[in-house]
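Reader: Hello! Could you take me on a close look at one part of this protein, the nonpolar patch on its surface, and then show me how the rest of the chain is laid out around that view?

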Amino acid sequence: IAGVVGLFIWGRLPVMLVALMVPIALFFSGILALDQVFSGFGDTVIIFIASLFVVAGGLEASGVTAWVGQWLSRAVGSSPLKLSIFTMLIAALLSPLISQSGAVAALVPVVILLALRLGNSPSKFLMPLAFASAAGSKLALTGTPKNVLVSDAASDAGYGPFGFFEFAWVGVPLLLGTVLVIAILGRRLLPERQTAN
């Protein structure tokens with residue numbers, strides 16, 4: 001385990017290569033049988049997580065994320081508070097569809113552009129974007145691979161899998177709390193960082 005962690009930190013070898021070397025090393029050390037070495041490739045959780053990347057790529061390639069950015073530009077007008085709240089809500093709704101990282105990556109350029117147009121520091125809007133996408137990932141089973149893994153572990157333990165929107169019992173209050181904190185205290189709490197460019 002220490003060797004694998006060291007290889008990940010070192011970063012000279014591709015992550016995929018290190019990940020594939022682990023089961024092979026475990027086979028040659030006698031810890032895993034040959035049928036166990038490649039059993040993970042057929043695991044439904046792995047296939048489901050891989051399909052999330054396909055959905056994210058499809059939404060980006062079809063222009064849905066660009067359309068959301070254009071709508072956001074029209075909706076906020078000249079209000080920094082609207083930009084912050086709408087950005088957080090859109091990020092939270094996109095997170096279960098295209099993953100937390102995908103939602104942030106899709107909205108960062110739009111948020112920076114709109115913040116500069118409003119004469120505000122982008123740092124005031126980027127941190128709420130990150131918080132909201134994290135809260136939004138708790139709205140549905142597909143929000144993050146961790147949700148799927150936890151659901152699968154619960155099923156294996158005999159408790160049954162989580163429902164698709166069952167994570168929303170935690171996600172909705174978390175998202176509402178995040179939006180309220182940013183709307184009320186964001187002006188004082190968020191950093192004001194000026195770019196040199």
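Author: Happily; here is a walk from the whole chain to the patch and then to a few single residues.

A word on the ground rules comes before the tour. This is a predicted model, in which local features need pLDDT of at least 70 and side-chain atom pairs count only at pLDDT 80 or more, while totals for chains, interfaces and linings use all residues. Residues are numbered from 1 along each chain as its sequence is written, and side-chain values use heavy atoms, with hydrogens and water left out.

Let us start with the whole chain. The protein chain has ten helices and zero strands; here helices (H or I, at least four residues) and strands (E, at least two) are DSSP runs, numbered from the N terminus. Read from the N terminus, the order of elements is α-α-α-α-α-α-α-α-α-α. Along the principal axes, the C-alpha atoms fill a box of roughly 65 × 40 × 35 Å. Of the 197 residues, 31% count as buried, where buried means under 20% relative accessible area, exposed means over 50%, and partly exposed lies in between (1.4 Å probe, protein chains only). The chain exposes about 12000 Å², and carbon and sulfur atoms supply 71% of that area; accessible areas come from the Shrake-Rupley method with a 1.4 Å probe, and for residues only the protein chains shown count as cover. Among contacts (heavy atoms within 4.5 Å) between residues at least 6 apart in sequence, 59% join residues at least 24 apart.

Now to the patch you asked about. Leu20, Ile24, Phe27, Phe28, Leu34, Phe38 and Phe41 form this nonpolar patch on the surface, and together they have about 720 Å² of accessible area. Patches are made of residues with over 30% relative accessible area and no salt bridge, with like charges joined within 9 Å and nonpolar side chains (Val, Leu, Ile, Met, Phe, Trp, Tyr) within 5 Å. A salt bridge, in turn, is a side-chain nitrogen of Lys or Arg within 4 Å of a carboxyl oxygen of Asp or Glu. Helix H2 (residues 15-28) gives the patch its largest share, four residues.

One patch member, Phe38, sits in the loop between helix H3 (34-37) and helix H4 (44-62). Phe38 counts as partly exposed because its relative accessible area is 46%. Phe38 and Leu20 are 18 residues apart in sequence, and their C-alpha atoms are 9.3 Å apart in space.

Helix H2 also holds Pro23. With a relative accessible area of 18%, Pro23 is buried. Beyond its neighbours within four places in sequence, Pro23 is in contact with Leu32 and Val37. From Pro23 to Ala33, ten residues apart in sequence, the C-alpha to C-alpha distance is 9.7 Å.

For context, here are two residues from later helices. Leu126 belongs to helix H8 (residues 123-136) and, at 27% relative accessibility, is partly exposed. Leaving aside neighbours within four places in sequence, Leu126 touches Val108, Val111 and Ile112 by the contact rule. The C-alpha atoms of Leu126 and Ala154 are separated by 34 Å, with their positions 28 residues apart along the chain. Asp152 lies in helix H9 (residues 145-156) and is partly exposed, with a relative accessible area of 27%. Asp152 and Phe162 are ten residues apart along the chain, and their C-alpha atoms are separated by 8.3 Å.
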